[in-house]
Amino acid sequence: MSSYSMNEHEAFEAMSKFIWQFANRAGDDLLTLLGDISLEADGKPTDPAAWTDWMECVRSTMEKNS
């Protein structure tokens, strides 16, 4: 698993990318998004694809700001 160090601005940027990506794919259903990213007892999100999408947004943000 990769490890990234992000400042507040970068984290906010990654979160914004993640939410827009979800909205473009699935619409504006906030409850579905919240369900997809809820963490299970093992620490993984309910929808494993949400983690993949999140890490894509983090990597994209870090590459842009490096």
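Visitor: Is Asp 53 buried or exposed?

Guide: Happy to start there. Keep in mind that this is a predicted model. A residue counts as buried when its relative accessible area is under 20%. Asp 53 has 14% relative accessibility, so Asp 53 counts as buried.

Visitor: Where does Asp 53 sit, and which residues is Asp 53 in contact with beyond its neighbours within four places in sequence?

Guide: Asp 53 belongs to helix α3, which spans residues 48-64. Once the neighbours within four places in sequence are set aside, Asp 53 is in contact with Phe 18, Gln 21 and Arg 25.

Visitor: Before we go on, how many helices and strands are there in the protein chain?

Guide: The protein chain has 3 helices and 0 strands, and the pattern along the sequence reads α-α-α. Its C-alpha atoms fill a box of roughly 35 × 30 × 15 Å along the principal axes. Of its 66 residues, 23% count as buried.

Visitor: What share of the contacts comes from residues 24 or more positions apart?

Guide: Taking the contacts with a separation of 6 or more, 61% are between residues 24 or more positions apart.

Visitor: Now the salt bridges. How many are there?

Guide: The general idea is a distance test: a side-chain nitrogen of Lys or Arg has to be within 4 Å of a carboxyl oxygen of Asp or Glu. By this rule there are 3 salt bridges.

Visitor: Which residue is the salt-bridge partner of Asp 53?

Guide: That is Arg 25, with 3.1 Å from N to O. This pair links distant parts of the chain, since Arg 25 is in helix α1 and Asp 53 in helix α3, 28 residues apart. The two ends also sit in unlike surroundings: Arg 25 counts as exposed because its relative accessibility is 52%, whereas Asp 53 counts as buried at 14%.

Visitor: And which residues form a network of salt bridges?

Guide: Glu 13, Lys 17 and Lys 64 are linked in such a network. Let's take it one pair at a time. Lys 17 pairs with Glu 13, and their closest N and O atoms are 3.8 Å apart. Both residues lie in helix α1, 4 residues apart, which is about one turn of the helix. Lys 64 also forms a salt bridge with Glu 13, here with the closest N and O atoms 3.0 Å apart. Lys 64 lies in helix α3 and Glu 13 in helix α1, so this pair ties together parts that are 51 residues apart in sequence.

Visitor: How do the accessibilities of these residues read?

Guide: Glu 13 counts as buried, at 13% relative accessibility. Lys 17 counts as partly exposed, at 24%. Lys 64 is exposed, with a relative accessible area of 57%.

Visitor: What describes two packed helices?

Guide: Two numbers do the job: the angle between their axes and the distance between the axes. In the case of α1 and α3, the angle is about 130 degrees and the axes are 9 Å apart. These helices are therefore oblique to each other, and their crossing is right-handed.

Visitor: Which residues of α1 and α3 meet?

Guide: On the α1 side they include Ala 14, Met 15, Phe 18 and Gln 21, and on the α3 side they include Trp 54, Cys 57, Val 58 and Thr 61. By class, this contact has 9 nonpolar, 3 polar and 7 charged residues.

Visitor: At what angle do α1 and α2 cross?

Guide: They cross at roughly 120 degrees, and their axes come within 11 Å. This crossing is right-handed. Phe 18, Ile 19 and Phe 22 in α1 meet Thr 32, Leu 33, Asp 36 and Ile 37 in α2. That contact has 5 nonpolar, 1 polar and 1 charged residues.

Visitor: One last stop: where is Met 6 found, and which residues does Met 6 touch beyond four places away in sequence?

Guide: Met 6 is in the segment before α1. Leaving out residues up to four places away, Met 6 touches Ala 11, Ala 14, Val 58, Thr 61 and Met 62. Met 6 and Val 58 are 52 residues apart in sequence, with their C-alpha atoms 8.9 Å apart in space. At 26% relative accessibility, Met 6 counts as partly exposed.

Terms used:
Residues are numbered from 1 along each chain as its sequence is written. This is a predicted model: local features need pLDDT of at least 70, side-chain atom pairs count only at pLDDT 80 or more; totals for chains, interfaces and linings use all residues. Side-chain values use heavy atoms; hydrogens and water are left out. Helices (H or I, at least four residues) and strands (E, at least two) are DSSP runs, numbered from the N terminus. Contact means heavy atoms within 4.5 Å. Buried means under 20% relative accessible area, exposed over 50%, partly exposed in between (1.4 Å probe, protein chains only). Axes are lines fitted to C-alpha atoms, for helices over the stretch in contact, and angles run from 0 to 180 degrees between N-to-C directions. A crossing is left-handed if the near helix is turned anticlockwise from the far one by less than a right angle, and right-handed if clockwise. Ala, Val, Leu, Ile, Met, Phe, Trp, Tyr, Cys and Pro count as nonpolar, Asp, Glu, Lys and Arg as charged, and the others, Gly among them, as polar. Angles under 35 degrees count as roughly parallel, over 145 as roughly antiparallel, 65 to 115 as roughly perpendicular and the rest as oblique.
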